[in-house]
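Ready for a little structure reading at the bench? Work through the exercises below, and try each task before you look at its solution.

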Amino acid sequence: MLRISEMKKSSLILLILIGLLSGWGIAYYRIHHWTGKDATIENGCWRGQNLAEVGTNQLLTARIAVATLYALNPSEVIYLVANSDSKGEELSSENDYVIKGIPLDARYWSITLYAEDYFLVPNEADKFSYNLHNVRYESDSSFVINISTLKKEHNWLPSGDKGKFYMTIRMYHPQEHVYKDIQSVQLPTIEKATR
Amino acid sequence: MIVVFAAVAGYFLTIYITPRYILLKIKFNSGSKMNVPVYSDVMTDKDRHVVMPNPDFLYVASGYNLWSGPIRITGKMPDSTYSSVAFYADNTLNYFIRNDRQTPDKEYSFILTRNEEDKTKYPNEEVIVSPSEFGTILTRILIDKPENIEKLKEVQRSFKVKELNK
């Protein structure tokens, strides 16, 4: 009788452990593998989350802590992330890309390249981003940023040699229309380029 | 049925713990002390404590601990460029922010506490009630022009944290 009871106890503990581990695994995967499919903001290849939901949405809170720790409230800044080009293909340092855009309607904006681990990519130029102040504009006030492992003459953003990477747009104090209808804002395109 | 209940518990527990674990990991890895500001230089690929650093900013970070009472935070903001002071709870959520446009005289002073009653104890101060005992204060200063960096570093250094019960 005692043995049966002990066996039941062991089985119970084992079942609880299996359950806890499964729950942990599912949560870990959902936190760390954000595909953008459940993004609340979408515009071209750029995806974002409505950070006003942070706090009530615990999964989003955990994702923010992992991928964009210390993000600010949307009243201060809008963050947008691209992990694919304008054709939907995953960004990779095996390819070159050109980012073409017009100045964004915000007090300060920047475009930054991050490695898959969300840190800046080591490179000989120590160049990690461009912003409204340091990007070189074309004669029509647009800009072209060249993403490549190989040095480019203007607006070179080195992509390193580690494969997958992300682009992030930050818009600090954007104009009212950006908040009202971000889907209609003309954001930069990311096109694959020939080497 | 037991497996399902345990899985649901494991799922929500992981989601709850993750932000707090990350905050503790950063504190442990950086070796920084509580209520002591850390003044960072311009971010590069070598800065690997906090994900997605912005290389356009000068940061000051200070983990806070209100266990022994309220703290006073003081500092200045630059005249010409974006700056902000943001407060984050132990779950890494931003619950308060003040930027340069909201600070016309370019100087700020806050009392950070856990107790609502401190608002009456410090009637002439701006009192912020923290939702948690622990958290982080993060100051951002935008480097608008490279030639301004030394001047902006002076502003960065004006950020101070003082424990009021010490």
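The exercises that follow go from the outline of one chain to its contacts and then to a sheet in the other chain.

This is a predicted model, in which local features need pLDDT of at least 70 and side-chain atom pairs count only at pLDDT 80 or more, while totals for chains, interfaces and linings use all residues. Residues are numbered from 1 along each chain as its sequence is written, and chains are lettered from A and ligands numbered from 1 in the order in which they are written. The model scores ipTM 0.85 and pTM 0.85.

**Exercise 1. Describe the outline of chain A.**

Step 1. Take the elements, which are DSSP runs numbered from the N terminus: helices (H or I, at least four residues) and strands (E, at least two). Chain A has three helices and ten strands, in the order α-β-β-α-β-β-β-β-β-β-β-α-β from the N terminus.

Step 2. Check the spread. Chain A is more spread out than a compact globule, because its radius of gyration is 22 Å, well over the 16 Å that the globule rule gives for 195 residues. The radius is taken over C-alpha atoms, and the rule is 2.2 Å times the number of residues to the power 0.38.

Step 3. Add the box and the domains. The C-alpha atoms of chain A fill a box of roughly 90 × 40 × 30 Å along the principal axes. An automatic or database domain assignment divides chain A into domain 1 (1-33) and domain 2 (37-189), with C-alpha centres 41 Å apart.

**Exercise 2. Find which element of chain A gives the most to the side that touches chain B.**

Step 1. Count contacts (C-beta atoms, placed from the backbone, within 7 Å): 49 residues of chain A touch 42 residues of chain B.

Step 2. List the elements that give two or more residues: H1 (2-32), H2 (58-67), S5 (106-115), S6 (129-131) and S9 (165-174) of chain A.

Step 3. Pick the top one: H1(A), with 14 residues.

**Exercise 3. Place strand S2 (residues 57-65) of chain B among its partners.**

Step 1. Strands pair if DSSP finds at least two bridges between them. S2(B) pairs with S1(B) (residues 38-39) in the antiparallel sense over two bridges; there, Tyr39(B) has Val60(B) as its bridge partner.

Step 2. S2(B) also pairs with S8(B) (residues 134-142), antiparallel over nine bridges, and Ser62(B) is partnered by Ile137(B).

Conventions: Two residues are in contact if their C-beta atoms, placed from the backbone, lie within 7 Å. A residue is buried if 20 or more other C-beta atoms lie within 10 Å of its own, exposed if 12 or fewer, and partly exposed in between; C-beta atoms are placed from the backbone.
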